[in-house]
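Grab a pencil and open the viewer. Here are a few short exercises, each with a solution worked step by step.

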Amino acid sequence: MGPPVHVSILGEPRAAEPGVPFKGQLQITTDQPLLLSDLMFTEQGAWDQISLAAGPQMSVDKARPTVVDFEVVTTSPPSY
């Protein structure tokens with residue numbers, strides 16, 4: 001995702017451990033009101049999605065960030 005959509009993980013930064021579920025919250029903000037469809041983690045093997053508390057379509061308002069709970073698991077440590 002890119003502008004006008006901004007996504008960040010809330011809370012203190014912490015490392016994901018291979019094979020250990022990683023739970024958190026995504027904060028989604030936008031520069032304009034919009035409708036997101038099919039939000040998901042897509043990097044198979046690096047980040048396998050366990051759960052994502054977002055429906056097939058989600059409205060995001062410019063004036064209010066949207067927070068979404070998620071849980072993923074990694075099979076290999078991410079390399080940035």
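## Warm-up: the surface

The chain has an accessible surface of about 5400 Å² (Shrake-Rupley method, 1.4 Å probe; for residues, only the protein chains shown count as cover), and 53% of that surface belongs to carbon and sulfur atoms. Before you start: this is a predicted model, in which local features need pLDDT of at least 70 and side-chain atom pairs count only at pLDDT 80 or more, while totals for chains, interfaces and linings use all residues. Residues are numbered from 1 along each chain as its sequence is written, and side-chain values use heavy atoms, with hydrogens and water left out.

## Exercise 1: the overall layout

Work out how many helices and strands the chain has (DSSP runs numbered from the N terminus: helices are H or I, at least four residues; strands are E, at least two).

Solution.
- Step 1: count the elements, and you get 0 helices and 6 strands.
- Step 2: write them in sequence order, which gives β-β-β-β-β-β.
- Step 3: check the contacts (heavy atoms within 4.5 Å). Of those between residues at least 6 apart in sequence, 59% join residues at least 24 apart.

## Exercise 2: two faces of strand 3

Find which side chains of strand 3 (residues 34–37) are buried, meaning under 20% relative accessible area (1.4 Å probe, protein chains only; exposed is over 50%, partly exposed in between).

Solution.
- Step 1: follow the alternation. Leu34 and Leu36 point to one face and are buried, while Leu35 and Ser37 point to the other and aren't.
- Step 2: zoom in on Leu36, which counts as buried because its relative accessibility is 13%.
- Step 3: look for the pairing (at least two DSSP bridges between two strands). Strand 3 runs antiparallel to strand 5 (residues 57–60), with 4 bridges, and Leu36 has Met58 as its bridge partner there.
- Step 4: list who touches Leu36. Beyond neighbours within four places in sequence, its contacts are Val5, Ile28, Pro56, Gln57, Met58 and Val60.

## Exercise 3: a threonine in strand 2

Is Thr30 buried or exposed, and which backbone oxygen lies 2.7 Å from a polar atom of its side chain?

Solution.
- Step 1: place Thr30 in strand 2 (residues 22–30).
- Step 2: check accessibility. Thr30 comes in at 6%, so it's buried.
- Step 3: follow the side chain of Thr30. The 2.7 Å partner is the backbone oxygen of Gln32, and the backbone oxygen of Pro4 is reached at 3.2 Å.
- Step 4: add the touching residues more than four places away in sequence: Pro4, Val60, Asp61 and Lys62.

Terms used:
A polar contact is a pair of N or O atoms within 3.5 Å; within protein, one must be able to donate a hydrogen and the other to accept it, and residues adjacent in sequence count only if both atoms are side-chain atoms.
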